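Visitor: I am new to protein structures and keep meeting words such as "buried" and "oblique". Could you show me how such words are earned?

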Amino acid sequence: MYNQTIVVLDFGGQYKELIARRVRENKVYSVIKPGNISLGELKKLNPIGLVLTGGPDSVYKEDSPKCDPELFNLGIPVLGICYGVQLMAYSCGGVVSPCGVSEYGKTEVDVDLKCLLFKGLEPRQTGLMSHTDQISVLPEGFVCVGKTVNCPNAAIMDPEKKLYGVQFHPEVESTPNGREMIKNFLYEICGADGDYDMKDYEERMIMEIRSQVGKEPVILGLSGGVDSSVCAALLEKAIPGQLYCIFVDHGLMRKNEGDEVEAAFKGRNVNFIRVDARERFLSKLKGVTEPEKKRRIIGEEFVRVFEDEAKKLGEIRFLAQGTIYPDVIESGGNNSATIKSHHNVGGLPENMCFTELVEPLRGLFKDEVRALGVQMGLPRKFVNRQPFPGPGLAVRIIGEITFEKLELLREADAIFREEMDRSRCKADQYFAVLTDTRSVGVMGDFRTYGYTVVLRAVRTNDFMTCEYAPLSHKLLGRISLKIVNSVKGITRVVYDVTGKPPATVEWE
Ligand code: XMP
């Protein structure tokens with residue numbers, strides 16, 4: 001198996017995975033390596049091009065990360081980004097110095113269209129700038145092919161040596177034509193053929209998993225979420241029969257969810273263990289109203305159940321996790337191989353018997369994981385589900401959690417989601433919440449006394465902030481009627497029109 005390879009050399013910038021992703025998007029395989037990789041190691045990878053990432057340091061400082069300067073004489077095309085272009089200029093004999101005026105944010109860049117990086121683009125571009133140093137004197141052989149008001153060498157090249165660099169960040173969305181520039185680098189400068197796709201990723205991962213675990217068994221905590229499900233599908237293919245998936249049914253799932261998870265894995269080549277822990281969780285949660293306490297109890301109980309089941313299987317060294325790249329950022333590191341806290345349900349204890357992690361999705365972004373899932377035969381509907389918190393409906397029930405309340409919420413939530421799907425209304429996440437408020441109502445000739453349900457539908461890109469989705473009154477009216485008519489015990493429906501901030505997405 002051989003694909004043309006782009007090596008992304010890491011100098012400590014926050015966007016290295018995004019660069020690797022942009023390369024993959026353009027159907028070229030990419031691998032991230034430390035910036036100080038030896039030339040020997042680099043040559044073994046036989047790259048068609050190198051991308052030097054940004055980084056927080058100053059190249060002229062003695063202890064800042066450097067690469068072997070011979071790297072620029074190998075005849076391999078190089079694209080330097082931010083710190084990467086400064087390092088290129090510095091290593092080739094140019095001068096890098098502090099900016100007179102530092103640039104942050106979207107900036108207009110006038111580019112020279114004779115540079116292949118900008119082929120097919122307009123002479124005025126927008127680029128995301130974030131720098132306090134800049135190239136003040138170009139090395140011999142280089143020419144300036146882009147400038148901003150404050151940065152005279154915002155893009156440079158030495159086409160003879162196939163060296164190119166930009167001070168701005170083409171990998172981020174804030175550089176609208178950045179993808180095009182990266183594509184130009186790959187296809188116009190490196191001569192890429194576009195011989196890589198998700199199928200290749202799958203095959204590579206399968207080989208890596210096999211070489212990591214050999215014939216040993218592997219255990220996976222399956223939450224039913226997209227990431228752990230796709231991870232399971234990949235492991236199943238790599239090591240058929242060696243995978244044990246433990247799905248802890250804590251009873252806080254949405255309507256039919258436990259069965260859907262089971263159905264998705266039935267008939268596949270995994271040892272699927274569904275643990276019915278509903279009673280166990282509910283009895284621990286009895287009388288608890290404080291939201292953080294609920295979360296703690298659920299997290300701890302999950303670990304205990306997982307541990308009990310793992311013990312029954314005997315000594316297993318390998319723990320698989322569906323960690324994806326955004327989780328790696330969230331947990332504050334990207335090199336550590338320690339067992340990271342299970343962001344869905346609370347940390348797995350360090351003293352468990354596992355000594356090695358298997359994390360085949362670690363470099364991928366969510367949409368790539370979804371694409372891989374579909375490719376691996378998981379149902380599209382299952383793979384494209386909205387985010388659902390690990391503590392489940394527990395973070396959508398105000399006050400004490402009881403079986404009856406869970407049933408009410410499950411029904412109301414199912415109706416809301418079904419109607420939303422039918423209406424094709426644009427919202428990124430939508431669900432129902434059960435409040436602890438009951439009020440008097442009237443149905444037929446009878447007085448009722450039931451709960452109030454809140455409908456929540458939000459629009460967001462990253463779930464860190466959101467706006468409420470402006471659902472039509474007609475739709476809201478229809479949903480309200482359907483819920484109060486078919487869910488006995490719910491007598492009032494309200495719609496949440498708060499954004500985040502000041503609110504949050506969930507209700508706890
Ligand atoms: P909040 O309520 O913090 O939610 O505004 C932001 C996004 O995160 C999801 N969420 C969770 N996801 N484990 C998860 O995996 C959790 O404990 C958790 N709590 C909230 C929430 O659904 C929303 O998409």
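Guide: Gladly! Helices (H or I, at least four residues) and strands (E, at least two) are DSSP runs, numbered from the N terminus. With those labels, Asn256 is found in the loop between E11 and H7. This is a predicted model, in which local features need pLDDT of at least 70 and side-chain atom pairs count only at pLDDT 80 or more, while totals for chains, interfaces and linings use all residues. Residues are numbered from 1 along each chain as its sequence is written, and side-chain values use heavy atoms, with hydrogens and water left out.

Visitor: Why is Asn256 called partly exposed?

Guide: Buried means under 20% relative accessible area, exposed over 50%, and partly exposed in between (1.4 Å probe, protein chains only). Asn256 has a relative accessible area of 45%, so partly exposed is the right term. Its phi is near 65°, a positive value in a residue other than glycine.

Visitor: And why is Arg424 called exposed?

Guide: Its relative accessible area is 75%, so Arg424 counts as exposed. You will find Arg424 in the loop between helix H13 (403–423) and strand E15 (429–443). Arg424 also has a positive phi, of about 55°, although it is not a glycine.

Visitor: What makes Leu117 buried?

Guide: Leu117 has a relative accessible area of 2%, and therefore Leu117 is buried. This residue lies in the loop between E5 and E6. Not counting residues up to four places away in sequence, Leu117 touches Leu79, Tyr164, Val166, Met181, Asn184, Phe185 and Ile189. Touching, or contact, means heavy atoms within 4.5 Å.

Visitor: Two of those neighbours make me curious about E9. Which residues show that both faces of E9 are covered?

Guide: Leu163 and Gly165 on one side, and Tyr164 and Val166 on the other, are all buried. E9 is also one of the strands in an open sheet of nine, with the order E2-E1-E3-E4-E9-E8-E7-E5-E6 and mixed pairing. The edge strands there are E2 (29–34) and E6 (124–137), each pairing on one side only.

Visitor: How do you know that E4 and E9 pair?

Guide: Two strands pair if DSSP finds at least two bridges between them. Four bridges join E4 to E9, so these strands pair, and they run parallel. Within this pair, Leu79 has Tyr164 of E9 as its bridge partner. E8 and E9 are also joined by four bridges, but run antiparallel, with Asp158 opposite Leu163 in E9. E8 and E9 form a hairpin with four residues between them, and Lys162 in the turn has a positive phi of about 60°.

Visitor: Does the other sheet have edges too, and which strands stand there?

Guide: The other open sheet has five strands in the order E12-E11-E10-E13-E14, with parallel pairing. Strand E12 (271–276) and strand E14 (356–358) stand at its edges, each with a single partner strand, so one side of each has no neighbour in the sheet. From one strand to the next, the twist averages 25°. E14 pairs with strand E13 (residues 318–320) in the parallel sense over three bridges, and Phe318 stands opposite Glu356 in E14. Helix H5 (residues 198–213) packs on this sheet, touching strand E10 (218–221), E13 and E14, and its direction makes about 160° with that of E14.

Visitor: Why are H6 and H11 called oblique to each other?

Guide: Axes are lines fitted to C-alpha atoms, for helices over the stretch in contact, and angles run from 0 to 180 degrees between N-to-C directions. Angles under 35 degrees count as roughly parallel, over 145 as roughly antiparallel, 65 to 115 as roughly perpendicular and the rest as oblique. Helix H6 (residues 226–238) and helix H11 (residues 366–375) pack at about 45°, with their axes 9 Å apart, and are therefore oblique.

Visitor: Which residues of H6 and H11 make the contact?

Guide: Val226, Asp227, Val230 and Leu234 come from H6, while Lys366, Val369, Arg370, Leu372 and Gly373 come from H11. By class, that contact has five nonpolar, one polar and three charged residues. Here Ala, Val, Leu, Ile, Met, Phe, Trp, Tyr, Cys and Pro count as nonpolar, Asp, Glu, Lys and Arg as charged, and the others, Gly among them, as polar.
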